[in-house]
Each structure stands twice: as C-alpha cells, then as structure tokens.
Amino acid sequence: MAAERHSGARVELHDAVRGYSGGMLFGVPLLYTMEVWWVGGHTTPVQMLLVLALTFVVVLALNLTGGFRGRDDGTTAGVLQDSLEALAIGLVSSAVVLVVLREIGPGVPPQVALGKVIYEAMPFAMGVSLARHFLQGGRVDPDGEDGSRPEPASRVNATVADLGAAAVGAIFVALNIAPTDEVPMLTAAMPPLWLMALVVLSLVSTYLIVFAAGFGDVDARRQQQGVLQHPWTETLASYLVALLVAGVLLALFQQFDSKDPWTDMLSQIVVLGLPAAVGGAAGRLAV
Amino acid sequence: MNASDDRNIRAERVALGISLAVVLAVLGGIASMMVDRGPDDARFTLTVADVRPEGDEHHVRVVVRNDGGRTAENVQVVAELRLPGQEPSEGEQLVQFLAGSAEEEVVFVFPDDPTPGQLTLRVASYTLP
C-alpha cells in the first residue's frame, strides 16, 4: 500500500529526472557559449515571447513522435501536458545551471537573467523531449547463460570499457569548448564555493544520466560486478577521467601552462569538467 | 479506476500544476518588462567605490552602471587625474557588454594618491548592439 501511495510520485519524479538528463546532454554545449549569454542580455520582451513560443512548438512536434516519459500517451491533452512539462523542466534546469555558473544571480538585472534562461532553455527543452530516444542500447547481460558470475577478466573489461567510454565522450564534448574564451571567463568570476557547487552538480548530473534516467539497460549496469562498478564509484571514477581529459585539452589549447597558478588551472579544469563529465556519461551509455 | 490510478492521476496533476506555475512565472516576468520598460537609451553613472594603496601605486575601483533600458557594448570609460604641479595621468577601460540596469566594476591604477587631486571619470563612447 505504501509503495502504491508513492508510485505515482515516483513515476513523475523518474520522468523529470529522465527529462533533466536528456536536457543536460543537449543543452550543456550552449551553456558554455558566451554569445548566447549576450544575446539573452539584449533581447526585447517580444523577442523573448517569440523564442518561448518557438521552443514550445518544437517541443510539441518532438513529443508527438516520442517524448520523455516512459509510457505512451497518444492523446492531445497528454502531448500538450508533456510539452508544457518539458518546457518547464528546460527553464528550471537552465536557470539552475546558469546560477551555478554565476551567469545569473543577485547582481544581474532580472530582464537579462530572464533572457539568458529563455535562450538557454531552448536546447534544454528539446533535449528533454528527445530523452526517450537517447542511447537505447544497453550493456550485455554480464551473467552467463547458467546465471554464474562473470569471469574476472570480463569484470576488468567492463571497468576499462566504462572508463574508456567516459574518456571518449568527454573528449567529444569538451573538445568544442576547451579552445574558447568561455572557460577562462567563467573561471574568473567563480569563487571556491561556487566551484564546489559545480563539482557537486557535475557528479549528481552524471549519476542521474547514467543510473537514474532509465537510458539503456540500467538494471544490467547496476548489477555489473568488478572494479569501480558500484554506481557511485563508477560515477566518481568517470568524473576523475573527465577532469583529466579537461586538463589535457586545456593544456593542449594553451589555456594555461606550467607558469600559471595551480589554483587557476584547477578552477578551469573544474569549469570544463561539467561538460566533459556530461559527455563522458553519454559515452558510457553508448557502451 | 482503482486507488493506484487515482494516486497516479494526482501525481500527474501536481506535476502539471508545477510546470504551469513555472511557465506562467516566466510569462509574467516578460509581461512586467513590457509594462515597465524605463528609458530606452543607455545612460551611465560612474561612482568611485574605493581607493586602495598597493605598494607604490593606488588602485581606484569604479562602478560603471547603465541606468538606461538599452544594452551598450564596448563602453569606453576614461579616467583623468589632475594633481597640483603635475602632468595629468589618464587611464582607459573597456567594458565589453553592459545591459540596461546592470553594473560592472573596473579598476584604474595611478602612481600617485588621487585623494588631493581632481579625478574626472566619463564614458567616452559605446556601441549600440
């Protein structure tokens, strides 16, 4: 009875997590684009309404073909409801990430903050609507046909596959952002407490994407045995891989060198670590 | 329809209500901006926040505020310090992007203490987006 009482809320929460995860996968690159921050800053109210309306229309079209919920609801009311919720998830998610990146906050005029949120919510909301189509491939059942535990070699292979996929995914996303000015710009305005918040956001987001959003075969992934295969251990290890990738890419594109203070280097690595970690999560889902 | 279906429907309605509230809040924000636009053109206020000695230099922190409604880009801020018996010292700062009602802080560095002198601050130019 208690389980039933909470099942409706749990389903809604799960759907929201799935939507948020899809939104992050789509929206993170544009979150690190200063031109989008600027255009949000000098947008008129009419333009904001147009962008919001366009976003809703696109989300509606996407929900007609799939959506972010785990169930199919073909009614018009259901599609409209899903579209409204996808838009709301996109608005709230982009606002939260922009706050953590300190692009909006107490010192930012409300109209500028609203413009930034509305523009950044576009790819987020689209990602929410595409969430159910993402990365449906899963991990091969680790148990043998007779239900025996996997051989030690396959357990190591699973760890290597996870970390390798995390690295490839991190490179795929972070490579587009590392050479740009956004990372030093964001770093310059980020005190240590906000960097810690960014670390927490990175870990929580990647955990949600891989283990809570329901992409791929989550049960098989959770049951995976071996080194660094516990969900939170895998999340942490993959995040460290993402940070390593971020550091290498920043050094490769000369965003810092050995003469720079280590605090500045670490800050830039953590800032680029969020998109790298999200890319790594997408990479792990694909394996 | 059983009790479980009732609870599921209730949860869906709560989720819909929250989503509707978020979207209505955003629309309300846009509507209030339409009503309360304020002056359109960019207008600037420059205020000295503090003067801090750093070794042989003096750092003057200035707050540049755009009191208008329109965003200004490439805002050029010029500071001129005149001290008795000395040649004037000048400093220049460029604020890349200053939205309406937004403010930025810039710092001018002078070799002498500006307190006994006359410090003139002005915005020399800006670009319309």
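These are my notebook entries on chains A and B of a predicted model.

**Chain A, overall**

I began with the secondary structure of chain A and counted eleven helices and zero strands. Reading from the N terminus on, I wrote the order of its elements as α-α-α-α-α-α-α-α-α-α-α. I then looked up burial, and found that 52% of the 287 residues of chain A count as buried. For the contacts in chain A with a separation of 6 or more, I noted that 83% come from residues 24 or more positions apart. The accessible surface of chain A I recorded as about 12,600 Å², with 68% of it belonging to carbon and sulfur atoms.

**Chain A, helix α2**

Next I asked which residues of helix α2 of chain A, residues 34-41, are buried. My list for this helix holds M34(A), V36(A), W37(A), G40(A) and G41(A). Looking down the axis of α2(A), I found these buried residues within an arc of 160°, so they line one face of the helix. As background I added that an α-helix has 3.6 residues a turn, so residues three or four places apart point the same way.

**Chain A, S238 and Q254**

I turned to S238(A), which I located in helix α10, residues 231-252 of chain A. Is this serine, S238(A), buried or exposed? Its relative accessibility is 5%, and because the cut-off for burial is under 20%, S238(A) counts as buried. Leaving aside residues up to four places away in sequence, I listed L163(A), A166(A) and R284(A) as the residues that S238(A) touches.

From α10 I moved on to the loop that links it to α11 (262-286) of chain A, where Q254(A) has its place. I made a note of the backbone here, since phi of Q254(A) is near 55°, a positive value in a residue other than glycine. Q254(A) has a relative accessible area of 70%, and I entered it as exposed.

**Chain B, overall**

For chain B I counted one helix and six strands, and along the sequence I read the pattern α-β-β-β-β-β-β. I then checked how spread out the chain is: the radius of gyration of chain B is 25 Å, well over the 14 Å that the globule rule gives for 129 residues, so chain B is more spread out than a compact globule. Along the principal axes, I recorded spans of about 90 × 35 × 20 Å for the C-alpha trace of chain B.

How many of the 129 residues of chain B count as buried, as a percentage? I found 32%. In the contacts of chain B with a separation of 6 or more, residues 24 or more positions apart account for 65%. I put the exposed surface of chain B at about 7,600 Å², with carbon and sulfur atoms supplying 48% of it. On charge, I tallied 11 positive and 21 negative side chains in chain B, and noted that the centres of the two sets lie 12 Å apart.

**Chain B, S101**

My last entry concerns S101(B), which I found in the loop between β4 (89-98) and β5 (103-110) of chain B. Phi of S101(B) is positive, at about 65°, although this residue is not a glycine. With a relative accessible area of 32%, S101(B) went into my notes as partly exposed.

How values were computed:
Residues are numbered from 1 along each chain as its sequence is written. Chains are lettered from A and ligands numbered from 1 in the order in which they are written. This is a predicted model: local features need pLDDT of at least 70, side-chain atom pairs count only at pLDDT 80 or more; totals for chains, interfaces and linings use all residues. Side-chain values use heavy atoms; hydrogens and water are left out. Buried means under 20% relative accessible area, exposed over 50%, partly exposed in between (1.4 Å probe, protein chains only). Helices (H or I, at least four residues) and strands (E, at least two) are DSSP runs, numbered from the N terminus. The arc is that of the directions from the helix axis to the C-beta atoms. The radius of gyration is taken over C-alpha atoms; the globule rule is 2.2 Å times the number of residues to the power 0.38. Contact means heavy atoms within 4.5 Å. Accessible areas come from the Shrake-Rupley method with a 1.4 Å probe; for residues, only the protein chains shown count as cover. Lys and Arg count as positive and Asp and Glu as negative; His and the chain ends are not counted. The place of a charge is taken as NZ of Lys, CZ of Arg, CG of Asp or CD of Glu.
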